[in-house]
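Dear colleague,

Please find below the structure that I am handing over to you, followed by an account of what was found in it. I would be grateful if you read the text with the structure open beside it.

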Amino acid sequence: IMIPLVKVAMPPKERLMPALEEVLYSGMIAEGEYVYRFEAEFAKLFGLPLALSTSSGTAALHIALLLAGVEPGDEVITTSMTAEPTNTVILQCGATPVFADVDPQTGNLSSSAVAAAISPRTKAIVVVHYAGFPADLRGLREIADQRGISLIEDAAHSLGAKYDGQPIGTVGDFGIFSLQAIKHMTTVDGGMLTMRDGGNVALAKKLRWFGMAKGVPRTEVDISRPGFKYNMHNVAGVIGLAQLETIQQRIDRHIENGSFFDEAIPKIPGLTVTRVDKECQPSYWLYSVFSDSSDSLEHCLANAGVAASKLHRPNHLHSVFASVRRPMPQLETYYRRLTHIPCGWWVTDDDRQRIVDALRKG
Ligand SMILES: *Cc1c(COP(=O)(O)O)cnc(C)c1O
């Protein structure tokens with residue numbers, strides 16, 4: 001049996017099914033009390049100033065960009081080394097993604113490349129903590145502050161990670177999380193938005209619900225700006241509440257496995273791993289190994305029963321981004337040498353030893 005690269009985590013049936021049955025037949029399946037309780041508990045557990053739930057991480061990121069004031073014609077500095085929604089939402093705002101090159105040892109946005117990409121039209125920086133490894137938030141925060149632009153953390157890969165002791169998602173003006181099927185934690189689909197300035201909460205809530213304020217009678221409510229159907233429902237809220245009971249253990253296991261690989265893999269000739277700076281505590285959604293031939297590495301792991309792949313496609317390679325492509329030599333090398341290996345809560349002590357043995361044999 002193959003060790004999978006990613007895996008869906010569901011709470012035990014005995015825990016989840018009675019709660020699901022209750023909410024499904026309660027007559028209250030839309031956004032309601034379960035959603036609000038889930039938001040409060042999520043914020044508390046992950047040390048966030050607040051958490052607004054959404055129907056997806058993509059929805060949360062779209063709202064964050066709009067709250068950052070991103071409008072048609074603006075530029076948003078971003079990374080190509082990510083899942084596609086990071087950048088398709090920039091287009092959705094009518095803005096232009098400006099791809100900056102990555103740090104060759106982390107795959108995360110290089111602060112100097114970001115500084116060089118700033119123009120008078122730059123409205124925001126979107127940073128991804130790729131594979132769960134925190135980016136250079138100090139450098140990016142400084143650039144954003146100097147220029148008076150927003151820093152948005154796409155923390156879809158990095159739930160539970162920390163930077164300089166701060167919870168991931170809280171150094172940026174906005175932070176978003178994804179609760180999609182294969183992330184650290186899932187509500188089937190869902191997302192969370194956090195922000196430093198609570199003054200934006202009312203607008204954020206309107207944007208996630210057609211542009212309307214909740215709690216105002218429908219006959220009196222006024223839409224002054226169109227919003228979206230981006231809210232979370234009670235059924236997802238119930239799943240989220242059950243997930244929170246065990247999520248810390250699962251994240252801890254990602255970190256244990258990641259630390260094990262950090263120790264073992266660099267000792268193998270020809271292989272390197274992601275650089276972890278001292279202020280970074282990764283949450284290791286995926287583990288990344290770098291070699292001269294990612295193809296033969298994947299092949300040797302497959303023979304040992306280990307699923308391994310690059311998993312993502314640098315976004316600028318999609319034709320929708322053809323007009324904004326620019327040379328990114330460091331990303332090119334990073335991506336060519338990259339292979340992801342399983343690292344999550346489902347990887348046992350035996351599994352991770354098997355992975356290291358297979359890598360050693362080459
Ligand atoms: C998964 C993901 C998203 C989008 O999240 P959804 O919940 O699937 O909408 C955004 N950014 C990154 C980096 C992701 O991996």
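A nitrogen atom of the ligand is placed 2.7 Å from an N or O atom in the side chain of aspartate 154. Please bear in mind that this is a predicted model, so that you read each distance here as a computed value.

Two further polar contacts of the ligand may be listed beside that one. In the side chain of lysine 183, an N or O atom lies 2.9 Å from an oxygen atom of the ligand. In the side chain of threonine 86, an N or O atom lies 3.4 Å from a nitrogen atom of the ligand. Taken on its own, the ligand has 370 Å² of accessible area, and the protein covers 91% of this.

The surroundings of the ligand come next. The ligand is surrounded by 14 residues, and the closest are Gly57, Thr58, Asp154, Ser178 and Lys183. Sorted by class, this shell holds nine polar, three nonpolar and two charged residues.

Where does the ligand sit? The space that it takes is the largest pocket. Two elements, α3 (57-67) and α4 (85-92), give two or more residues each to the shell around the ligand.

The largest pocket can also be described by itself. Its volume is about 260 Å³. Its lining consists of 21 residues, and those nearest the centre of the pocket are Ala83, Pro85, Ala156, Ser178 and Lys183. Ten residues of this lining are polar, eight are nonpolar and three are charged.

Which elements supply at least two residues each to the lining of the largest pocket? They are α3, α4 and β8 (174-178). The largest share, three residues, comes from α3.

Finally, there is an enclosed space to report. A search of the whole structure finds one cavity of 30 Å³ or more. The largest cavity contains about 50 Å³ of space. Its lining is made up of Leu5, Val6, Lys7, Ile182, Lys183, His184, His254, Trp285, Trp345 and Trp346. By class, the lining of this cavity comprises six nonpolar, two polar and two charged residues.

You may wish to locate Lys183 in the structure, since this residue appears in several of the lists above. Lys183 is among the closest residues to the ligand, is one of the residues nearest the centre of the largest pocket, and also belongs to the lining of the largest cavity.

With kind regards

How values were computed:
Residues numbered from 1 in each chain as written. Predicted model: local features only at pLDDT ≥ 70, side-chain atom pairs only at ≥ 80, totals over all residues. Heavy atoms only, no water. 1 Å grid on protein atoms, 1.4 Å probe; cavity = no way out; pocket = protein on both sides within 12 Å on 5 of 7 lines; lining within 4 Å. Points joined across faces, edges and corners; volume = space filled by probe spheres on them. Nonpolar A, V, L, I, M, F, W, Y, C, P; charged D, E, K, R; others polar. Near = heavy atom within 4 Å. Polar contact = N/O pair within 3.5 Å; in protein donor to acceptor, adjacent residues only side chain to side chain. Areas by Shrake-Rupley, 256 points an atom, 1.4 Å probe, with all protein chains shown as cover. Sits in = over half its atoms within 2 Å of the grid points. Helix = DSSP H or I, 4+ residues; strand = E, 2+ residues; numbered from the N terminus.
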